[in-house]
Amino acid sequence: QELQSFANLSAVALQKATLYEQVQRHAEELEQRVSRRTAELTKANQALQLEIAERKRTEEDRARFTNQLRIAAEVSTRLAAILDIEDLLSNIVSLLQNRFNLYHVHVYLLNESGNTLIVRVGSGEIGKLLRKQMHAIPLNRKQSLVARAARLHQTLVVGDVHADPYFMR
């Protein structure tokens with residue numbers, strides 16, 4: 001009978017040890033699944049945050065562009081009513097500088113020979129001084145953003161003129 005009791009206790013102990021091992025394996029598997037799922041969710045969250053940031057940038061760009069179009073339409077409407085060329089050019093310079101928050105705005109026109117750009121109107125004190133001095137830029141001058149734009153018949157947009165190789169003081 002003692003042998004039977006010992007056998008029963010041994011069987012129970014063995015059964016408990018087996019169950020304990022199964023529980024441990026299950027816990028490890030669950031831990032690994034939770035860890036994998038957490039990594040997947042973290043990766044998905046990072047991708048979502050990048051997409052949200054990109055959408056914000058796109059929306060900001062769209063808002064900025066929409067505002068620029070609105071300003072351009074407003075400027076065009078105002079300018080369409082001005083008949084005097086001097087008033088028109090002065091208003092263009094003033095509106096562009098104020099609406100687009102620009103440091104300087106100048107308008108150069110070609111002379112009658114078509115080989116020299118002469119400042120016709122400019123913003124601020126520098127613009128007045130350049131006009132008074134009848135500032136001129138030869139159309140073929142290589143180091144001049146103004147001459148380059150005129151030669152190319154294009155608008156040039158330069159973020160930092162000092163870094164541009166065509167910049168002329």
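# The largest pocket and the strands beside it

About 1,400 Å³ of space lies in the largest pocket. This is a predicted model, and the pocket is a good place to enter it. A lining of 31 residues surrounds that space, and His104, Val105, His106, Val146 and Val161 are the closest to the pocket's centre. Four elements give two or more residues each to the lining: α2 (85–99), β1, α3 (124–132) and α4 (145–152). Helix α4 supplies the largest share, four residues. By class, 21 of the lining residues are nonpolar. Another eight are polar, and two are charged.

Now follow β1 away from the pocket. This strand covers residues 106–110. Its partner is β2, residues 116–122, and five bridges join the two. They run antiparallel. Two of the facing positions can be named. Tyr108 has Val119 of β2 as its bridge partner. Leu110 stands opposite Leu117, also in β2.

The two strands form a hairpin, with five residues between them. What is notable about phi at Gly114 in the turn? Its phi is positive, at about 75 degrees.

Strand β2 has a second neighbour. It pairs with β3, residues 136–138, over three bridges. This pairing is antiparallel too. Here Leu117 appears again, with Ile137 of β3 as its bridge partner. Leu117 therefore links both pairings: it faces Leu110 on one side of the account and Ile137 on the other. Why is β2 described as largely enclosed by the rest of the structure? Five of its seven residues are buried, so the strand is largely enclosed. Buried here means under 20% relative accessible area.

Two residues outside the strands have backbone angles worth checking. Asn101 lies in the loop between α2 and β1. Its phi is near 55 degrees, a positive value in a residue other than glycine. Is Asn101 buried or exposed? Its relative accessibility is 69%, so Asn101 counts as exposed. The cut-off for exposed is over 50%.

His153 is the other case. This residue is found in the segment after α4. His153 is not a glycine, yet its phi is positive, at about 55 degrees. Its relative accessibility is 74%, and His153 therefore counts as exposed.

Next come the rings. How many aromatic pairs does a search of the whole structure find? The count is zero. A charged side chain does sit over a ring, however. Arg148 lies over the face of Tyr166, at 4.1 Å from the ring centre.

Finally, turn to helix α1, which spans residues 2–80. Ala72 has its place in this helix. Its relative accessibility is 33%, so Ala72 counts as partly exposed. That class falls between the buried and exposed limits, under 20% and over 50%. Ala72 also gives a way to gauge distance across the model. Ala72 and Pro165 are 93 residues apart in sequence. In space, the C-alpha to C-alpha distance between Ala72 and Pro165 is 29 Å.

Definitions and conventions
Residues numbered from 1 in each chain as written. Predicted model: local features only at pLDDT ≥ 70, side-chain atom pairs only at ≥ 80, totals over all residues. Heavy atoms only, no water. Pairing = 2+ DSSP bridges. 1 Å grid on protein atoms, 1.4 Å probe; cavity = no way out; pocket = protein on both sides within 12 Å on 5 of 7 lines; lining within 4 Å. Points joined across faces, edges and corners; volume = space filled by probe spheres on them. Nonpolar A, V, L, I, M, F, W, Y, C, P; charged D, E, K, R; others polar. Buried < 20%, exposed > 50% of the residue type's maximum accessible area, 1.4 Å probe, protein only. Phe/Tyr/Trp six-rings, centres within 6.5 Å; stacked < 30°, edge-to-face > 60°. Lys NZ or Arg CZ within 6 Å of the ring centre and 35° of its normal.
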